[in-house]
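Let's take a friendly walk through a protein model together. Have the sequence and the 3D view ready, and follow along as we go.

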Amino acid sequence: MDRAAFACSTAFFHDYSSASHGALCLPQGHVDYIEKVESFSYSDFFRDYLIPNHPCVFSAKFTEGWGSRRNWVTRDGKPNFDYLLQHFGKAVVPVANCDVKEYNSNPKEQIPLKEYISYWKEYIKKNYHSPRGCLYLKDWHLYRAFPEQDVYTAPIYFTSDWLNEYWDAIGLDDYRFVYMGPKGSWTPFHADVFRSYSWSANICGKKKWLLYPPRQEEYLRDRHGNLPFDVTAPGLRDSSIYPRYAQSCPPVEIIQEAGEMVFIPSGWHHQVYNLEDTISINHNWVNGCNVAIMWSFLQDELAAVQREISEWRDTMEDWHLQCQVIMKSCTGINYKEFYNFLKVIAENRISVLNHVLDEEASAKNTHRAATSALGMLHAVFDLKRTVQVLTSLNANEDFKKLNPKSLSPPPEALLHHLKAAIDTALL
């Protein structure tokens with residue numbers, strides 16, 4: 001990140017909540033298309049899309065060097081089933097049935113990839129019909145299972161990725177996925193985990209995206225407060241069931257072609273269709289630009305849990321701890337783990353600063369010093385955003401009930417350490 005972008009970022013720092021949610025509707029549903037790799041910098045992306053939380057589409061030029069685009073696709077642009085079977089056939093993969101609704105989602109099962117590809121071939125042969133329904137391979141952790149494979153390299157725009165940085169560090173999970181599905185497979189209406197950003201690159205095939213900016217989903221709730229399963233269902237026009245639907249903006253629509261990447265901003269609800277037989281690479285990610293949104297989401301999730309089990313508040317001695325347990329089972333994280341998440345990222349950034357300062361002290365040429373300065377500015381930005389959220393977490397009454405002084409290091413000590421590191425870096 002250059003100094004101009006860093007200056008831009010600090011201007012947004014003190015008023016991030018308004019910048020991150022922006023206008024409720026984009027003008028005429030416009031989404032920018034980024035054509036050329038050489039004329040679009042990380043600073044451009046940071047300033048124009050990450051900070052204002054706006055979607056965009058990257059051309060196929062940004063992915064043309066990926067191994068998956070060479071090897072996973074036949075000459076006529078179809079999935080290369082033979083290659084996939086040869087290299088991944090023994091893998092067990094999660095598969096959802098798009099024809100069945102279960103708790104506002106699709107039920108999943110685990111099956112061998114070779115079985116899924118056999119089904120997919122038969123499904124195509126029978127004109128996209130099967131007694132098994134329309135099956136969609138979703139959320140396959142291929143990167144974690146096959147790290148040695150030449151599949152893709154995350155573009156620089158998406159490399160400030162705190163979710164995967166943290167889960168890689170603790171060795172338990174990741175948020176890198178492969179999706180594969182036939183024409184007609186789809187994903188119901190949702191917002192991404194932790195209200196994270198996501199990016200999705202089509203290796204082959206074509207998708208249609210329907211996007212709703214933050215807060216637009218409130219107009220789509222039914223009279224009981226539930227979000228729809230399918231935002232294209234005719235029933236949404238029934239005002240006795242969906243009383244605020246008429247106030248909603250039309251969705252932003254994107255048609256994503258083979259090789260193109262879509263950036264989905266934080267908190268944007270969306271619904272996605274495969275218009276052709278499609279394979280895609282998808283990441284969920286959080287960084288300094290949207291970690292405050294993640295923290296806001298976690299507070300809302302805990303409040304929802306507390307409402308659900310409020311009747312036991314006075315009779316259950318460890319009620320607040322049980323709320324944390326339920327929250328983790330629903331969202332994948334609780335307040336103590338969120339603190340550890342912030343701590344790991346912060347400690348990594350301090351290591352970056354120490355390394356950069358050492359390099360600058362001994363730099364032999366201006367090129368090396370300039371490279372170090374770019375890393376330092378981004379690390380300082382990340383630390384400032386961490387301090388902002390950590391300060392809010394430390395003041396939170398529910399967090400105080402978890403005995404935060406028992407954490408290592410205690411939040412007050414960590415905050416002091418981070419502020420000192422920022423001050424030293426900016427001297």
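Leaving aside its neighbours within four places in sequence, which residues is Asn396 in contact with? Keep that question in mind for a moment while we set the scene.

What you see is a predicted model. The protein chain has 427 residues, of which 52% count as buried. Its chain contains 14 helices and 13 strands. Among contacts between residues at least 6 apart in sequence, 80% join residues at least 24 apart.

Now back to Asn396. The residues in contact with Asn396, once neighbours within four places in sequence are left aside, are Trp295, Gln299 and Tyr335. Asn396 sits in the loop between α12 (366–395) and α13. With a relative accessibility of 12%, Asn396 counts as buried, because the cut-off for buried is under 20%.

**Another loop residue**

Ile51 is also worth finding. Look for Ile51 in the loop between α3 (42–50) and β2 (56–58). Its relative accessibility is 0%, so Ile51 counts as buried. Try locating Asn290 as well: Ile51 and Asn290 are 239 residues apart in sequence, yet their C-alpha atoms are 8.1 Å apart in space.

**A helix with two sides**

Next, turn to helix α5, which covers residues 81–88. Which of its residues are buried? They are Phe81, Tyr83, Leu84 and Phe88. Viewed down the axis of α5, these buried residues fall within an arc of 160 degrees, so they line one face of the helix. On the other side of α5 you will find Asp82 and Gln86, which are exposed.

What do the buried residues of α5 pack against? Their partners include the helices α4 (67–71), α6 (113–125) and α7 (142–145). The strands β5 (135–140), β6 (176–181) and β13 (278–285) are packed against as well.

**Strand β5 and its partners**

One of those strands, β5, deserves a visit of its own. In β5, 5 of the 6 residues are buried, so this strand is largely enclosed by the rest of the structure. Strand β3 (residues 92–97) is joined to β5 by 3 bridges, and the two run antiparallel. β5 also pairs with β6, in the antiparallel sense, over 2 bridges.

Leu137 is a handy landmark here. Opposite Leu137 in β5 stands Val95, and Leu137 also stands opposite Met180 in β6.

**An open sheet**

Moving on, 4 strands form an open sheet with antiparallel pairing, in the order β7-β12-β9-β10. Its edge strands, β7 (186–190) and β10, each pair on one side only. From one strand to the next, the twist averages 15 degrees. Within this sheet, β9 and β10 pair in the antiparallel sense over 5 bridges. Here you can pick out Trp209, whose bridge partner in β10 is Ile254.

**Two crossing helices**

How do helix α9 (residues 291–308) and helix α10 (residues 319–331) cross? Their axes come within 9 Å and cross at roughly 120 degrees, and α9 and α10 are therefore oblique to each other. The crossing of α9 and α10 is right-handed. On the α9 side, the residues that meet α10 are Phe297, Leu298, Glu301, Leu302, Val305 and Gln306. On the α10 side, they are Trp319, Cys323, Gln324, Ile326, Met327 and Thr331.

**Backbone details to look up**

Finally, here are two residues with a positive phi, neither of them a glycine.

| Residue | Phi | Location | Relative accessible area |
|---|---|---|---|
| Asp139 | near 60 degrees | strand β5 | 24%, partly exposed |
| Arg215 | about 85 degrees | loop between β9 (207–212) and β10 (252–256) | 42%, partly exposed |

The backbone has one more detail for you to check. The peptide bond from Ser408 to Pro409 is cis, with omega near -10 degrees. To find this spot, go to the loop between α13 (397–400) and α14 (411–426), where Pro409 is found.

Note on methods: Residues are numbered from 1 along each chain as its sequence is written. This is a predicted model: local features need pLDDT of at least 70, side-chain atom pairs count only at pLDDT 80 or more; totals for chains, interfaces and linings use all residues. Side-chain values use heavy atoms; hydrogens and water are left out. Buried means under 20% relative accessible area, exposed over 50%, partly exposed in between (1.4 Å probe, protein chains only). The arc is that of the directions from the helix axis to the C-beta atoms. Contact means heavy atoms within 4.5 Å. Two strands pair if DSSP finds at least two bridges between them. Axes are lines fitted to C-alpha atoms, for helices over the stretch in contact, and angles run from 0 to 180 degrees between N-to-C directions. Angles under 35 degrees count as roughly parallel, over 145 as roughly antiparallel, 65 to 115 as roughly perpendicular and the rest as oblique. A crossing is left-handed if the near helix is turned anticlockwise from the far one by less than a right angle, and right-handed if clockwise.
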